[in-house]
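Got your viewer open? Keep the selection box handy, and we'll hop from one spot to the next.

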Amino acid sequence: MPRAILSDAMTQYRQPLLTQIPAEIVAVRDYERYAQARLDDNAWAYFSGGAADERALQRNIAAFQRYELLPAVLNDLRGGNTSLNLFGRERPYPILLAPVAYQRLAHPDGEAATVLAASAMQATAVVSMQSSCDVQMLAQQAHEPLWFQWYWQADQAASQDLLRRIEAAGFEAIVLTADAPVNGIRNREQRAGFFLPSGVEAVNLRGFVQPSVAPGEPGTSPVFGSGLLHSAATWDALAWLASNTSLPVLVKGVLRPQDAVKAVSLGAQGIIVSNHGGRTLDAITTPLRMLPEITDAVGHNVPVLMDGGIRRGTDILIALALGATAVLVGRPYIFALAAAGAAGVAHVLHILRTELEVAMALCGCATLADIGPDLLLEA
């Protein structure tokens, strides 16, 4: 099938982008085949794949099947809503867009289209430090709060400068990613020979001095001997970040309750329970499994968000019932972005919010405060 280059980002599309949403797209997973039909093998491997045999990727989704809902009936649902207050800002529903790097691989407008859709739907987007669009440009077009994902960098002078730029641009929180000291082994990307094409780069890291990560001599330690871990985030990095910004700092990638408690003690104001979307370690446990223990450990005054495996509004309800303050979604909106741009991303948010409200009404919950573990049975 002929392939047309649509932008300097060099992602080659097998089919044109959708100009209107087909009526048959009624659930967020319906976008997956539309995305796969359009993206080249390189981009599809990057966005769809997980670590190694992709066990974690599959378990993140399957984890929700452990639970059945036990509805309450005849409750008064008048005046119901899904609003919540998060870091001093009222939000209409508990769904955020997770950080995903290099979005111009998915669509010529990349993160700009995602931020446009989030603003239209009154949602918060978390912009990746490896965004392929400039943070100032994204902030200027956003009409809703943006958060910024932070990967620890060895270049402290450049880090300090970027941090000041993020604050000046109006970002409202920093999300320190803690669960990726090295990239996971991603066989799907390896088989596709993944590369970043011309026109796609981490533009906000231009000018950063990157440490050498040259591999060691044959027969020596391939990871520990390579320098890959020399700039990995540590507890000291979290303390530095929390003390060098006035913005709330959340730590993303926490799965142990004791790690969540320590993060809060060092200045973190929120926790994101996540396993990096199953992209780092294929035998890792699921965020949903560890969510109740972490919320119990840090207490209800610390926002605990969950990222990983959300595909339905009922998944969101289950996560909230297990203690999540809000959830993040990643692949669902990226597939929609690849298929239909900003309109697709907005549609995914609309679908998930609608499904959540329907599930709440059918379970007798008028507000998020009504959602608790009494709604759940283990299947």
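Before the first stop, one term: a polar contact is a pair of N or O atoms within 3.5 Å, and within protein one of them must be able to donate a hydrogen and the other to accept it. Also keep in mind that you're looking at a predicted model.

**Stop 1: Thr 114.** Select Thr 114 and you'll land in helix H4, which covers residues 111-120. Now add Gln 103: its side chain makes a polar contact with the side chain of Thr 114, at 2.7 Å. Is Thr 114 buried or exposed? Its relative accessible area is 3%, and buried means under 20%, so Thr 114 counts as buried. To see what it touches, leaving out residues up to four places away in sequence, show Leu 97, Gln 103, Tyr 333, Leu 337 and Val 345.

**Stop 2: helix H1.** Next, select residues 31-38, which make up helix H1, and colour its buried residues: Tyr 31, Tyr 34, Ala 35 and Arg 38. Turn the view until you look down the axis of H1; those buried residues fall within an arc of 100°, so they line one face of the helix. The spacing helps here: an α-helix has 3.6 residues a turn, so residues three or four places apart point the same way.

**Stop 3: helix H11.** Jump to residues 313-321, helix H11. How many of its 9 residues are buried? The count is 8, so H11 is largely enclosed by the rest of the structure. Among the buried ones are Gly 313, Asp 315, Ile 316 and Leu 317. Just after H11, click on Gly 323, which takes a positive phi of about 115°.

**Stop 4: the second largest pocket.** Stay with Gly 323 and add His 300, Leu 320, Ala 324 and Thr 325. The second largest pocket holds about 410 Å³ of space, and of the 19 residues lining it, these five are the closest to its centre: His 300, Leu 320, Gly 323, Ala 324 and Thr 325. Helices H10 (287-298) and H11 each supply at least two lining residues, and H10 gives the most, with 3. By type, the lining has 12 nonpolar residues, 6 polar and 1 charged.

**Stop 5: Gln 269.** Finish at Gln 269, in the loop between helix H9 (257-265) and strand S11 (270-273). Gln 269 counts as partly exposed, at 41% relative accessibility. Beyond its neighbours within four places in sequence, Gln 269 is in contact with Phe 87, Pro 248, Val 249, Val 302 and Pro 303.

Notes
Residues numbered from 1 in each chain as written. Predicted model: local features only at pLDDT ≥ 70, side-chain atom pairs only at ≥ 80, totals over all residues. Heavy atoms only, no water. Helix = DSSP H or I, 4+ residues; strand = E, 2+ residues; numbered from the N terminus. Buried < 20%, exposed > 50% of the residue type's maximum accessible area, 1.4 Å probe, protein only. Contact = heavy atoms within 4.5 Å. 1 Å grid on protein atoms, 1.4 Å probe; cavity = no way out; pocket = protein on both sides within 12 Å on 5 of 7 lines; lining within 4 Å. Points joined across faces, edges and corners; volume = space filled by probe spheres on them. Nonpolar A, V, L, I, M, F, W, Y, C, P; charged D, E, K, R; others polar. Arc of directions from axis to C-beta.
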